[in-house]
Amino acid sequence: LFDEMITELHADNGGVDVIFDRAAPHRFDLVVGADGIHSAVRRMTFGPEAAFAHHLGMYVATAKLGLPMERDDTVIMHNEPGTAVALHPGTGSSGAAFLFRGAARVDHQNAEAIEQLLKQTYRNVGWRAQELLSAYLAADDTYFDSVTRIRMDSWSRGRVTLLGDAASCVSLFGDGSSSAMEGAATLVASLNASPNDVATALTRYESAHRATTRPRQRGVWIASHLLIPRSRPGIALRNEALRLTGRR
């Protein structure tokens, strides 16, 4: 059911009754919440987002801008302490990304607060930051959110389970798309192995996939300091390390 929203979930031992925003209610054997960092399925099944989401003091903003680039295989990044701005080829259309550290808490749906935070953060940043920020603020389709880690003791409750960022997000630093696809494959394999025992299949899925996501969650500190060093010495140290490893 495309262009539809789940408003209520009522699970029992045999399945889940799902209430939709507009479509007629329906009963399913299994509900998989693959609805991202701000998962409604997680909220309805496990409780408020605040119980599982941990803001890591960083933000990311991206938009496809279609600006010309000299090469279609190279990402260009400019760092200043606590901030980064990147221009990347993307798929079919080039885009800009703004990655920065910030203690302020901003609602990812509050467009006015987002604009103020971006302008304040990048007001003195050089290179093409002002040009790219102006283009971002004028774009119709943009993305903005905090860099957040989702941690849960369990991804499943009865016949409802979570997948991808809804279950184990480290937005920006956790290979979210790859992890979600790996998790989906693991979930399918587990269900196929125990088609008549969903509880066992979900336990097997979670045990196997946590082994994949756990190292990515632990690596967020290193990844964040590579992308957004806090100081000019930190930027210089990162650049030298990349030069020595031949990755610059």
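In this predicted model, strands β5 and β8 run antiparallel and are joined by seven bridges. Strand β5 also has a second partner, β9, with which β5 pairs in the antiparallel sense over eight bridges. Alanine 63 is a handy place to see both pairings. In β8, the bridge partner of alanine 63 is alanine 96, while in β9 alanine 63 stands opposite threonine 142.

Strand β9 is also home to serine 146. With a relative accessibility of 13%, serine 146 counts as buried, because the cut-off for that label is under 20%. The side chain of serine 146 is not without company: a polar contact of 2.6 Å links this side chain to that of threonine 148.

Aromatic rings offer another way to follow how these strands meet. A pair of aromatic rings is described by two quantities, the distance of the centres and the angle of the planes. Searching the whole structure gives seven aromatic pairs. One of them, formed by tyrosine 59 and phenylalanine 144, is stacked, with 5.3 Å from centre to centre and 15° between the planes. Since tyrosine 59 belongs to strand β5 and phenylalanine 144 to strand β9, this pair ties together parts that lie 85 residues apart in sequence. Both residues, tyrosine 59 and phenylalanine 144, are buried.

Phenylalanine 100 and tyrosine 122 form an edge-to-face pair, whose centres are 5.8 Å apart and whose planes make an angle of 85°. Here phenylalanine 100 comes from strand β8 and tyrosine 122 from the loop between α2 and α3, so the pair ties together parts that are 22 residues apart in sequence. Phenylalanine 100 and tyrosine 122 are buried too. These four residues, along with Phe98 and Tyr136, make up one aromatic cluster.

Tyr136 leads on to helix α3, which spans residues 129-138 and in which Ala129, Leu132, Leu133 and Tyr136 are buried. Why can these four be placed on the same side of α3? The reason is that they cover an arc of only 100° around the axis. The cover over the buried residues of α3 includes the strands β5, β7 (83-88), β8 and β9, together with helix α2 (111-121).

The nonpolar cores come next. In soluble globular proteins, nonpolar side chains tend to be buried together. The largest nonpolar core in this model has 23 residues, and Val31, Ile150, Met152 and Leu162 are those with the most contacts inside it. At least two residues of this core come from each of β2 (15-20), α1 (40-46), β11 (160-162), α4 (165-168) and α6 (198-218). Another core, of 20 residues, lies apart from this one; among its members are Ala61, Ala63, Tyr122 and Tyr136.

Isoleucine 150 gives a closer look at the surroundings of one core residue. Leaving aside neighbours within four places in sequence, the contacts of isoleucine 150 include Ile37, Phe52, Ala53, Ala166 and Cys169, as well as Arg42, Asp165 and Gln217.

Aspartate 21 provides a further example, located in the loop between β2 and β3 (26-28). Its relative accessibility of 42% means that aspartate 21 counts as partly exposed. Not counting residues up to four places away in sequence, aspartate 21 touches Glu4, Met5 and Thr7. From aspartate 21 to alanine 51, the C-alpha to C-alpha distance is 25 Å, and the two are 30 residues apart in sequence.

Conventions
Residues are numbered from 1 along each chain as its sequence is written. This is a predicted model: local features need pLDDT of at least 70, side-chain atom pairs count only at pLDDT 80 or more; totals for chains, interfaces and linings use all residues. Side-chain values use heavy atoms; hydrogens and water are left out. A nonpolar core is a set of buried Ala, Val, Leu, Ile, Met, Phe, Trp, Tyr and Cys residues joined through side-chain atoms within 4.5 Å. Buried means under 20% relative accessible area, exposed over 50%, partly exposed in between (1.4 Å probe, protein chains only). Contact means heavy atoms within 4.5 Å. The arc is that of the directions from the helix axis to the C-beta atoms. Rings of Phe, Tyr and Trp (its six-membered ring) pair if their centres lie within 6.5 Å; planes under 30 degrees apart count as stacked, over 60 as edge-to-face and the rest as tilted. Two strands pair if DSSP finds at least two bridges between them. A polar contact is a pair of N or O atoms within 3.5 Å; within protein, one must be able to donate a hydrogen and the other to accept it, and residues adjacent in sequence count only if both atoms are side-chain atoms.
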